Amino acid sequence: MGEAGQCVVIEQDGPLALVVIDHPPVNATSVAVRAQLLQAFAQIDADASVQAIVLAAAGRTFVAGADIREFDFPTQDPHLRDVVQAIEHVGKPVVAALHGTTLGGGCEIALACHARVIDAQGKIGLPEVKLGLLPGAGGTQRLPRLVGVMAALDMITSGRMVSAKEALALGLVDQVVATDLRDAAKEKALSLIGQPIRRTSDLPAPSCVPSDCDAFVKSVQQKLRGQIAPLKATEMVMLSSTTPFAEAIRLESEAFEGLKHSAQSKAMRHVFFAERAVGHHPDLKGITTDPFTSISVVGAGMMGSGISVAALDAGLSVTMVEANADALEKGMARIRGLYERAIKSGRISQAVMDERLARLTATHDLGALAHQPLVIEAIYENQQAKKDLLQRLDEVMDAAGILASNTSYIDINLLAASTQRPDRFLGLHFFSPAHVMRLLEVVRGDATSPQTLARALALGKQLNKLAVMVGVCEGFVGNRILTRFWDACTFMVEDGTPPQEIDAAFERFGMAMGPFAVQDLAGLDISYAMRQRLAAQRQPHERVPVLVDRLVEQGRLGQKNGQGWYRYEAGKRQVDPVVSDLVTAHAGDAVRLSAEAIIARGRAAMVNEAAKILQEGIVPRASDIDLVKINGYGFPVWRGGVMFEAMQFGLEAVLAEAHKIAQDYGVTWEVSDALIEAVRTQKGFA
Ligand code: T1G
């Protein structure tokens, strides 16, 4: 950073001016950066001694985007699109030197330069749709002029970063260099002196085959159901082939401003910052941890093999232990099958599969774990079996090793007590399929040490998971809320609303699958076993779901045996008259709720349980709960999460619904004090 507040500096070297942006941590284009960039380019444009320009950035990355924090306030001049326009219309060649992650507004600045040189490790992209936005500084018009409409549509509606190599192949950059980025950019700039300036906006309008675009729009509607930004962005990109640049840019900025004020963008910006806050734990501040190079997993079933693949994909070595020879072979076959399918779909090469499998050791021998830094048990959910295994592992492993359980509900403190290392014991609750699902609940036991917790959170980051630290309670955070949500939905069925109408309501709300379809996927016997296990703790007059137990007792377990709440034939889910008759017989004079009432009841059940979780200190932040529901349970990201959405919906209405449920369903369904307090203060739940 230059003098206080100076975030753009010019270094002149003969006929070449080097403009360096220096605004840590990611060179976001704050109003100061925009103003100083505008001023710098005006100055060097007017300086006859300057004949070529390189634009670079200090620190770990070129500009990673506009400053997202500014979006909640009126944009201050100069707008980024004006700065970008000014850079493009400088009368001398401007070459961008790109490193790190050139994203959003940073990519748009690069697009307005006359050439682009990128570091071989660099990545570049327009991720605005992930914030419910679209590129608002010319990206929807300049990118297609360089890479074509279809490639631009793919990048902008997916928001994905492309590698330097792919960027070169697409024509997005002109050169990739492994070292001396700025020297290469200077050389490029000097070589352009005296050449006609190649302004991106002057390039010919790209062609667009209407049928290709129509097909693309349909795929976006399907894949990103409910989100408005990708569709709007598609509309803007297609303007590049039909509308003059200046008019298209005006329309783009109108569309951007509209999205910036949309509920969806506010929700997705909330999630962006929630994901950065989730790792902040005051008691872990200052603890540094070395990355893991290897971990071990005990159990080669669905979860054990999935966790192993997640670690292999992240570059770690894995020792997978399974007592049963057949189960071990099945686990290895499952892992090989995953990679073979990934090769078939072109996601990885054979060489990548071979390299990853070379890092996998499969064995029956627990002794192989003696010196492992971290061992995760992922055997079947039986408390005694887990306690026995953990005791044996505790005896086998070095004292420094961390022991973790992948249990989804067993008390971590109980399991810790079966070892001599409660300070190095915790829960690592992965979600199935573990190599795909982003969420990881890091369950801290009463005795888990801060060092162990810090190492576990760091492992989550290494595995590209969203690690949320939670306390010990029945079902931790995600499953605890899910159980309450499922109860409320099942009670709605028992009171007369068909399950398929409840599923349809929540799928229209934006959930990937409705609650009854999910119950069938998970297996009705799982929640049945949980209710049996918890029966002894139940209050005498507490209402519990009965219909689902009827289904299980009739042998209807869900997808796994072709019939549950629905019937499954050839993989298709169908309403089953047997269930409809059961509902009618049970409900008597049916009370069929409207879709709005269904959502309100489901929302109140989730928010009330979440408020209790906060009240009990299971997590420190309401936004942590949002992240759990979005990343583990299909809550729509464009609604911001269960707590954020409730705040927008209106806490008074949620509280009123919670009181209604408490009356209907029994005394243990008490309304959370935290929810009542939040309504009183109209503050979040934190
Ligand atoms: N604005 C403000 N703060 C940002 C920021 C941004 N764009 N990007 C990161 N930060 C903060 C972040 O909150 C954290 O702060 C710190 O930087 C490190 O981030 C006009 C409209 C660049 C890949 O969407 O994807 O340009 O928690 O922990 O894991 O068309 O940050 O330390 O206080 O994430 O190494 C488009 C968003 C914006 C990119 C680095 N750009 N950022 O990841 O570090 S919209 C983006 C990221 C736009 C134009 C449009 C990642 C990263 P704190 P971090 P990281």
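**Notes on the ligand site and a helix pair**

1. A good place to start is the ligand's polar contacts: in this predicted model, an N or O atom in the side chain of R60 sits 2.9 Å from an oxygen atom of the ligand. R276 also uses its side chain, with an N or O atom 2.8 Å from a ligand oxygen. G136 takes part through its backbone instead, where an N or O atom is 2.9 Å from an oxygen atom of the ligand.

2. On burial, the ligand taken alone exposes 1,000 Å², and the protein buries 77% of that.

3. You may like to see which elements build the shell. Those giving two or more residues to it are β5 (101–103), α3 (105–112) and α11 (263–277). The largest share, three residues, comes from α11.

4. As for the shell itself, 25 residues surround the ligand. The closest are A66, G105, E108, E128 and R276. By character, the shell residues divide into 14 nonpolar, five polar and six charged.

5. Now to the helix pair, with a word on how such pairs are described: the angle between the axes and the distance between them are what is given for two packed helices. Here the axes of α18 (residues 478–494) and α20 (residues 515–522) come within 10 Å and cross at roughly 115 degrees. Because angles of 65 to 115 degrees count as roughly perpendicular, α18 is roughly perpendicular to α20. The crossing of α18 past α20 is left-handed.

Key: Residues numbered from 1 in each chain as written. Predicted model: local features only at pLDDT ≥ 70, side-chain atom pairs only at ≥ 80, totals over all residues. Heavy atoms only, no water. Near = heavy atom within 4 Å. Polar contact = N/O pair within 3.5 Å; in protein donor to acceptor, adjacent residues only side chain to side chain. Areas by Shrake-Rupley, 256 points an atom, 1.4 Å probe, with all protein chains shown as cover. Helix = DSSP H or I, 4+ residues; strand = E, 2+ residues; numbered from the N terminus. Nonpolar A, V, L, I, M, F, W, Y, C, P; charged D, E, K, R; others polar. Axes fitted to C-alpha atoms, helices over the stretch in contact; angles between N-to-C directions. Parallel < 35°, antiparallel > 145°, perpendicular 65-115°, else oblique. Left-handed = near helix turned anticlockwise from the far one by under 90°.
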